[in-house]
Amino acid sequence: MPAAAAALVCVYLRARGIFSVPPTALPYPIHVLAGMVLWQTFLDSLHSPLQQLTTSRHLITRSRIPHEAIVLSGVLEVGLNAAVRLAALGVALAAFGIVPAPSAILLPIGMAALACLGIGLGLLVAPLGLLYDDVRQGLVLVSTFWFFLTPIIYPAAAGGPLSLNPVTPLLDAARGSLHAWSIDGSALAVLAASLVLLAAAWLFYRLAQPHVVERLA
């Protein structure tokens, strides 16, 4: 519902001439809806590690349950939400009479890549977030600002400072798979970096875990 509501608002504002957007490969409502679905998957992944660990604070301080199990439960929740949103996007495509290209099979892979990036970043800030609530609030603020730097409601321009946004190539590649093969070197590079980041963030959390638990106890 949030993705659909945001798409409707953007379509209305564009139709009223509040802002102009260059032509998009997909119909504009689908362009925005697909972008919102992908962004929400990344956003859920970014916030999930800290949310799950904060909610289970009593478990991580009083039991020997692996923290990875708690984080994994959040990952599964992100996957379930992504599947529901993907189904809703399929309904919207059918309503607009759009037959996805065969490359659309890569869309779930693109969503998984965005999830890897989000979980890696979220896990990296989780130790500090457990100790200082300001970190969680700052993450919300950064996410809001990040939204406007991501080509969700507008197509990405070639080059420029927004191309430094790591979400951009993954989101564009995933959304572009609905109408054509659009994976380029930058998307693959960000995917590889996301996997490295995820491994490094997990190692960092493992090293910080005893100190965090001691401070929380």
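Reader: What makes Arg85 and Asp44 a salt bridge?

Author: Happy to start there, with the reminder that this is a predicted model. The closest N and O atoms of Arg85 and Asp44 are 2.8 Å apart. A salt bridge needs a side-chain nitrogen of Lys or Arg within 4 Å of a carboxyl oxygen of Asp or Glu, so the pair earns the name.

Reader: Which parts of the chain does that pair link?

Author: Arg85 sits in helix H4 and Asp44 in helix H2, 41 residues apart, and the pair links distant parts of the chain.

Reader: Why is Asp44 called partly exposed?

Author: Its relative accessible area is 24%. Buried means under 20% and exposed means over 50%, with partly exposed in between, so Asp44 belongs to the middle class.

Reader: How many salt bridges are there by this rule?

Author: The count comes to four. Another one of them joins the side chains of Arg206 and Glu68, at 3.1 Å from N to O. Arg206 lies in helix H8 and Glu68 in helix H4, so this pair ties together parts that are 138 residues apart in sequence. Arg206 has 38% relative accessibility and counts as partly exposed; Glu68, with 25%, is partly exposed too.

Reader: What makes Arg136 and Asp133 a salt bridge, and how are they placed in helix H6?

Author: Their side chains meet at 3.0 Å, N to O, and the cut-off is 4 Å, so the name fits. Being three residues apart in helix H6, Arg136 and Asp133 are separated by about one helical turn. Arg136 is partly exposed at 35% relative accessible area, and Asp133 is partly exposed at 40%.

Reader: While we are in H6, how do you know that its buried residues line one face of the helix?

Author: The buried residues of H6 are Leu139, Ser143, Trp146 and Phe147. Seen down the helix axis, they fall within an arc of 100°, so they line one face. That buried set packs against H2, H5 and H7. The face turned away from the buried side carries the exposed residues Asp134, Leu141, Phe145 and Phe148.

Reader: Why is Val135 of H6 called partly exposed, and what does Val135 touch?

Author: Val135, which lies in helix H6, has a relative accessible area of 26%. That value is between the 20% and 50% limits, so partly exposed is the right label. Leaving aside residues up to four places away in sequence, Val135 touches Val125, Leu128 and Gly129. The C-alpha atoms of Val135 and Val125 are 7.7 Å apart, with their positions 10 residues apart along the chain.

Reader: What makes Leu149 eligible for a nonpolar surface patch?

Author: Leu149 has 31% relative accessibility and counts as partly exposed. A patch member needs over 30%, so Leu149 passes. Together with Phe145 and Leu162, Leu149 makes a nonpolar patch of about 260 Å². Leu149 is found in the loop between helix H6 and helix H7.

Reader: Is Thr168 buried or exposed, and why?

Author: Thr168 is buried, with a relative accessible area of 8%, and the limit for that label is under 20%. This residue has its place in helix H7. Among the residues Thr168 touches, not counting those up to four places away in sequence, are Leu149 and Leu162.

Reader: How do you know that Leu38 is buried?

Author: Leu38, found in helix H2, has 1% relative accessibility. Buried means under 20%, so Leu38 counts as buried. Not counting residues up to four places away in sequence, Leu38 touches Leu107, Met111, Leu114, Leu171, Ala174 and Arg175. Leu38 and Ala112 are 74 residues apart along the chain, and their C-alpha atoms are separated by 9.6 Å.

Reader: Which residues of the largest nonpolar core touch the most other members?

Author: Of its 39 residues, those are Trp39, Phe42, Val167 and Leu178. Two or more residues come from each of H1, H2, H4, H5, H6, H7 and H8, and H2 gives the most, with 11 residues. Val167 touches Trp39, Phe42, Leu114, Leu117, Trp146 and Thr150, not counting residues up to four places away in sequence. There is also a second, separate core of 13 residues, including Leu53, Val71, Leu130 and Ala208.

Key: Residues are numbered from 1 along each chain as its sequence is written. This is a predicted model: local features need pLDDT of at least 70, side-chain atom pairs count only at pLDDT 80 or more; totals for chains, interfaces and linings use all residues. Side-chain values use heavy atoms; hydrogens and water are left out. Patches are made of residues with over 30% relative accessible area and no salt bridge: like charges are joined within 9 Å, nonpolar side chains (Val, Leu, Ile, Met, Phe, Trp, Tyr) within 5 Å. Accessible areas come from the Shrake-Rupley method with a 1.4 Å probe; for residues, only the protein chains shown count as cover. Helices (H or I, at least four residues) and strands (E, at least two) are DSSP runs, numbered from the N terminus. Buried means under 20% relative accessible area, exposed over 50%, partly exposed in between (1.4 Å probe, protein chains only). A nonpolar core is a set of buried Ala, Val, Leu, Ile, Met, Phe, Trp, Tyr and Cys residues joined through side-chain atoms within 4.5 Å. Contact means heavy atoms within 4.5 Å. The arc is that of the directions from the helix axis to the C-beta atoms.
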